[in-house]
Structures are given as C-alpha cells and as structure tokens.
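Q: Can you walk me through this one? I have the coordinates open and want the pocket and the surface.

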Amino acid sequence: MARTPKVVEDRREHIIDAAMRVFSQKGFTKATNKDIAREAGITPGLIYYYFESKEALLKAIIETRSPVQLLNSLPQQMFELPPEMFLRFLIQRVLGIVETENFIRLARMLLPEIVHSPEMASMLTAIFQRVLGFLGGFLDEKMQCGELRRIDVALASQAILGTVMGFVLRRQILQDPAALQYSHEQIAQSVVETVLQGLLPR
C-alpha cells in the first residue's frame, strides 16, 4: 500500500511521540532506535525511512513539541497586536507547552546530559539564538514604529527569555512553592508589565 502524505505525516508524528516517551524514560544517550521502535510498535528499520538518526529525532521533538514550534506557526496578524498583548499571549503559550507533563519529564531527563555533552549544549544554544532572534525582530519592529522606545534589542530579548526560563526552572525542576502559586496568566502579566515599563515611549 502506497504511503499517502497523511499516512507519512501520521507515522512521523507517532514516531516523534514514541521517541519523546523513550527519551523521557531512558535519557537521550541510553535510548536506542530499537527502544523507540518497540514503543512505537514498528520495526527499527522503519524509523530510518522518516529520520536519518537519533539526533534527527531529537531535533524533530524540539521543532514540533517545544516552544520553537511557535516561531513558524503564529499567524501574521498576531504581530500587529500591541507589544503588551503579543508578549502576554506568547509567554502564556510558551508556558502552556513547556509545563506539560511530557515536556517536563523530557527536560528533567535531558538536563544532566546537556551539562555533560558539548553537542547537546551547542544544539540548545542554537535554539535559544533562534528564539532570541524571533523576539528581537518583534521588539525591533515595534521600536521602529514608535510603539516602544529604542533600547538594546538583544538585551531586552534576553531579559524576557531569562525571566520566563527562571520561572520554569523554579516551578518544574526545583518545585519552588513561591513560583508554583502563580498561574500562567499571572506570570505572563508580571513579566510583560515589568519589562515594558522600561520600554514604553516616554
């Protein structure tokens, strides 16, 4: 039976989900394609039809199951929103993705590997650079049209990303009650208000 585009896409998604579960249980280094195939209910050879390597599978997880997916999926009209509305929406969406049970399990398993693997650390750094570029592009556009005052775009982007990452780390890795008491909406509102007080035109 020929593989239709939908069959190919469905199978690809199924393999990504299986890999995410296996990486969450065993870690990236210890997991094998046999483990992933067993979890997905397919033969190991079939994985190579969709992904050239285990590293390619991890990249697919990052592209489709992490906040990186937002970089290419937000409709154009979202970028026309006022800065405070866009950033609140974006932060809430990011928290909604990274605080799912599956993503948190994966992050907890991968964190020690990232610390000891220059390749994984490099991949993570590249992802952060993409996110920072996305944020910076939005802020720069709003500064050029006068909706925000001009400051160092790269630094402002890092302040936003670092604040959100700090909340996620404290909530999901450290289980800090002081951070867990707030909703995604409250966190987004606080981050946006705190950052934009120094960006709004004066």
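The chat below covers the pocket, then two leucines.

Q: What sort of model is this?
A: This is a predicted model, where local features need pLDDT of at least 70, side-chain atom pairs count only at pLDDT 80 or more, and totals for chains, interfaces and linings use all residues. Residues are numbered from 1 along each chain as its sequence is written, and side-chain values use heavy atoms, with hydrogens and water left out.

Q: How much space lies in the largest pocket?
A: About 960 Å³.

Q: Which residues lie nearest its centre?
A: Val-98, Phe-103, Leu-124, Phe-128 and Met-165, out of 36 that line the largest pocket. The elements giving two or more residues to that lining are α4 (54-65), α5 (70-73), α6 (83-98), α7 (101-116), α8 (118-144) and α9.

Q: And the lining by class?
A: The lining of the largest pocket has 34 nonpolar residues, two polar and no charged ones.

Q: Switching to Leu-106: buried or exposed?
A: Leu-106 counts as buried because its relative accessibility is 5%; buried means under 20% relative accessible area, exposed over 50%, partly exposed in between (1.4 Å probe, protein chains only). Leu-106 lies in helix α7.

Q: How far is Leu-106 from Ala-19?
A: They are 87 residues apart in sequence and 10 Å apart in space, C-alpha to C-alpha.

Q: Where is Leu-169?
A: Leu-169 sits in helix α9, residues 153-173. (Helices are DSSP runs of H or I, at least four residues, numbered from the N terminus.)

Q: Why does Leu-169 count as partly exposed?
A: Because its relative accessibility is 41%.

Conventions:
1 Å grid on protein atoms, 1.4 Å probe; cavity = no way out; pocket = protein on both sides within 12 Å on 5 of 7 lines; lining within 4 Å. Points joined across faces, edges and corners; volume = space filled by probe spheres on them. Nonpolar A, V, L, I, M, F, W, Y, C, P; charged D, E, K, R; others polar.
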